[in-house]
Amino acid sequence: MRSQTTFDIQYAHRFYGFQGEARYLHGHTGTLTIEVEDTVNPGVNMVFPCNEIQKTAWAVLKNFDHALVLREDDPLLPAILGVYEKEGIKDGTPTNTMKGAAFENELCKAYPDCRLVVTKETMTVEGMIKMVYSLLKDKLNIAKITFTSGVNVASCEFTTGATKDRCPLCGIALVDGVCPKCGYKHPAR
Ligand SMILES: [Zn+2]
Ligand SMILES: [Zn+2]
């Protein structure tokens, strides 16, 4: 069965080199839905607590929220960083507090201090799904991701990995057989 969670991400981007309006810098509220698939954990009668999916995903994905997402070869990138630098906000400000942990993989790199994500590919809704999967696939048994932004919607199904051992009391994934939330220990097998 599947547990799913949905959240909104506000961001600015553009399709560098694209023949159309999206070539100009503009913004969206995007809606991301992540579906996690596993057996139903009999202790709590759920696949995975939805608020925990949200917490795990948001810890990483808040880097995309109130952020600028630009492709690595976009000439706007050095221009904007130059302005941020002059203004003294490139390396953060005391009020820039809703930051995620920095990440970097083959598709994207986050600069939380200046709320910027630099991408390998154009950040279309399809591109966002690829990035979200690459960032979260080791943390969650993701079966499907849907991303909606304006009139654009894309979704993709994924093959999930092996079932995760989850706490029968909290429902969250055990770490080395121990629940990180309540301390429940998996009985020796
Ligand atoms: Zn757009
Ligand atoms: Zn627990």
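Select strand 1 (residues 2-13) together with strand 2 (residues 26-37): the two pair in the antiparallel sense over 12 bridges. Strands here are DSSP E runs of at least two residues, helices are H or I runs of at least four, and both are numbered from the N terminus; two strands pair if DSSP finds at least two bridges between them. Within this pair, Ala 12 is placed opposite Gly 27 of strand 2.

Next, add helix 1 (residues 50-61), which packs on the sheet and touches strand 1 and strand 2. Its direction makes about 25° with that of strand 1. Such angles run from 0 to 180 degrees between N-to-C directions of lines fitted to C-alpha atoms, for helices over the stretch in contact. Contact requires that the C-beta atoms of two residues, placed from the backbone, lie within 7 Å.

The model on display is predicted, so that local features need pLDDT of at least 70 and side-chain atom pairs count only at pLDDT 80 or more, whereas totals for chains, interfaces and linings use all residues. Residues are numbered from 1 along each chain as its sequence is written, while chains are lettered from A and ligands numbered from 1 in the order in which they are written.

**The whole chain**

Zoom out to the C-alpha trace, which spans about 60 × 35 × 25 Å along its principal axes. The chain has 3 helices and 7 strands, arranged along the sequence as β-β-α-β-α-β-β-α-β-β. Of its 189 residues, 28% count as buried, a label for residues with 20 or more other C-beta atoms, placed from the backbone, within 10 Å of their own (exposed: 12 or fewer; partly exposed: in between).

**The sheet and its edges**

Now colour the strands by number. The open sheet of 7 strands runs in the order 4-5-3-1-2-6-7, with mixed pairing. Strand 4 (108-111) and strand 7 (152-157) stand at the edges with a single partner strand each, so one side of each has no neighbour in the sheet. From one strand to the next, the twist averages 25°.

At the strand 7 edge, select strand 6 (residues 142-149), which pairs with strand 7 in the antiparallel sense over 6 bridges. Thr 146 stands opposite Ser 155 in strand 7. The two strands form a hairpin with 2 residues between them, and Gly 150 in the turn has a positive phi of about 60°.

**Helix 3 and the core**

Proceed to helix 3 (residues 125-136), where Gly 127, Met 128, Lys 130, Met 131, Val 132 and Leu 135 are buried. The buried residues of this helix pack against strand 2, helix 1, strand 4, strand 5 (116-119) and strand 6.

Val 132 is also among the residues with the most contacts inside the largest nonpolar core, together with Ile 34, Val 36, Phe 64 and Val 69. This core has 28 residues; a nonpolar core is a set of buried Ala, Val, Leu, Ile, Met, Phe, Trp, Tyr and Cys residues joined through C-beta atoms within 7 Å. Leaving aside neighbours within four places in sequence, Val 36 has contacts including Val 47, Phe 48, Ile 53 and Ile 142.

**Last stop: Gly 171**

Finally, select Gly 171, in the segment after strand 7. Gly 171 counts as buried because it has 21 C-beta neighbours inside 10 Å. Not counting residues up to four places away in sequence, Gly 171 touches Asn 41, Val 44, Met 46, Phe 48, Pro 49 and Arg 166.
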